[in-house]
Structures are given as structure tokens and as C-alpha cells.
Amino acid sequence: MMTIGIIATAALRETLENQGLPADIRIEWMDQPRPVTGADAIIDFVNRQDMYPAEWITESSTPLFINQVDEAIEHPPAQFIRFNGWPGCWERPVLEATCAVADIKMKAELVMANFGKKISWVNDIPGFLTARVVAGIINEAYITLGEGVSTKEAIDTAMKLGTNYPYGPFEWTEKIGAARIVKLLTRLAKERPRYQPATLLLKEAEN
């Protein structure tokens, strides 16, 4: 039986449990990072790198999954695996992730297979692929709303019916958080101005 340490808020833990977790994995729940005896992997959904025990950085060969979407990790330790854990993305059978070490990749794939997921190894770029697309759609939706073309409810309904996405852009914003979306868009806009956050989205992120 695998032992997996999961760092999550109480609300996120409830969400993950409601979505269903493997019965044959022992899960050690944490609200903040701490050593986990015999752990086969650690999954950090909250991204609390500033609180990691020293051995996680310097001594461990245990795969450490970090939900950091908006930016690459500078000079990551070998066992670090950056993944896309945004709402609506973790639920998919394919998990976007990046890691530079072949042995850690193999371990990571075995871990995620127990969750019924296949890892899609992608380039180590801000936003991966899916989050870039989602953030762009959300931004366009806020531009459309600002132009008075339609309402939030109508845009959400149209997007779900037209694309079969699990959420509409405004529903997705509520789940992900406007501030996180703005952070990614601002980072992407440094290279491509079309990602410049919409005025209404910026205002929502400030509230």
C-alpha cells in the first residue's frame, strides 16, 4: 500500500474526498508541510514551498508534486514536480506536469496511476497549456462582459454548451480565484500583450 502525504486546506480536502480517492492508498492529510514517515510521494495542492522541511529540499528522493501553475520553479530540486492542479484540471484523467529527472518521472507516473491519472509531461512554461487556454477564455469573457454584449450567466451557459467545458468562464473564475488568474495573465502579458488582463477582471481580483 502506498502512503501519500497531501497538503490541502480543509475545504479542498472535503472537495477531494467528495471527488473520490483510491481506497488502497493511505493518505496523510496536512494543513502545512511536515515530515511523513514512509511517504511514497507528497502532493502539495496549496503551494507552501516557503514552509518545506529542509530534508525535502536537500535530502529526499520522494516525488514532491507542487501545484504551481503561474510560474516555473527556479532551480528546482530533482524530486520537484510542478503540476496543474487548478479546479477542473485535477479532475481530468490526464495531469499536466513538468520534471527534469527521468527517475522521478517514473516514480511520479506510478503514483498518479493509483489515482487513475496519466501524466502528460509538458514544457516548463508559465501556465502549462491548459491554464493558458482557460485564463485566455476567462479574460475574453470579461472583455465581452465589459462591452455589455451579454451577462455572466448567459456567457457561462453558452461556453458550457458550445465547448463541453465543465465550467463557464465566470464559474471557473470563482473556483480558481480572480487573483490567481490575473497573476498568470500578467506573467503571460510580458511576452504576449494579448494576455493583458481585462479591466473588469482586475477590479474583481482587487475585491
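The questions and answers below concern the sheet, the nonpolar cores and the aromatic rings of this predicted model.

Q: In what order do the strands of the open sheet of 7 strands stand?
A: The pairing in this open sheet is mixed, and the twist averages 30° from one strand to the next. Read across its 7 strands, the order is E2-E1-E3-E4-E5-E6-E7.

Q: Why is one side of strand E2 and of strand E7 left without a neighbour in the sheet?
A: Strand E2 (25-30) and strand E7 (118-121) stand at the edges of the sheet. One side of each is left without a neighbour because each has a single partner strand.

Q: Which residue in E3 is the bridge partner of Ile7?
A: Strand E1, which covers residues 2-7, pairs with strand E3, residues 41-44, in the parallel sense over 4 bridges. Within this pairing, the partner that E3 offers to Ile7 is Asp44.

Q: What angle does the direction of helix H3 make with that of E7?
A: Helix H3 (residues 102-113) packs on the sheet, where it touches E1, E3, E4, E5, strand E6 (94-98) and E7. Between the direction of H3 and that of E7 the angle is about 145°.

Q: Which helix gives the most residues to the largest nonpolar core?
A: The largest nonpolar core has 26 residues, and those with the most contacts inside it are Trp86, Ile138, Ile181 and Leu201. Two or more residues come from each of helix H4 (130-146), helix H6 (169-176) and helix H7 (178-189). The helix that gives the most, with 7 residues, is H7.

Q: Leaving aside neighbours within four places in sequence, with which residues is Ile138 in contact?
A: Ile138 is among the residues with the most contacts inside the largest nonpolar core, as are Ile181 and Leu201. Once its neighbours within four places in sequence are set aside, the contacts of Ile138 are Pro169, Trp172, Thr173, Ile181 and Leu201.

Q: Is the aromatic pair of Phe65 and Phe83 edge-to-face or stacked?
A: Phe65 and Phe83 are both buried, and their rings lie 6.2 Å centre to centre with 75° between the planes. Planes over 60 degrees apart fall in one class, so the pair counts as edge-to-face.

Q: Which residue lies over the face of Trp90?
A: Trp90 belongs to one aromatic cluster together with Phe45, Phe65, Phe83 and Phe115. At 4.5 Å from the ring centre of Trp90, the residue lying over its face is Lys117.

Key: Residues are numbered from 1 along each chain as its sequence is written. This is a predicted model: local features need pLDDT of at least 70, side-chain atom pairs count only at pLDDT 80 or more; totals for chains, interfaces and linings use all residues. Side-chain values use heavy atoms; hydrogens and water are left out. A nonpolar core is a set of buried Ala, Val, Leu, Ile, Met, Phe, Trp, Tyr and Cys residues joined through side-chain atoms within 4.5 Å. Buried means under 20% relative accessible area, exposed over 50%, partly exposed in between (1.4 Å probe, protein chains only). Contact means heavy atoms within 4.5 Å. Rings of Phe, Tyr and Trp (its six-membered ring) pair if their centres lie within 6.5 Å; planes under 30 degrees apart count as stacked, over 60 as edge-to-face and the rest as tilted. A charge sits over a ring if NZ of Lys or CZ of Arg is within 6 Å of the ring centre and within 35 degrees of the ring normal. Two strands pair if DSSP finds at least two bridges between them. Axes are lines fitted to C-alpha atoms, for helices over the stretch in contact, and angles run from 0 to 180 degrees between N-to-C directions.
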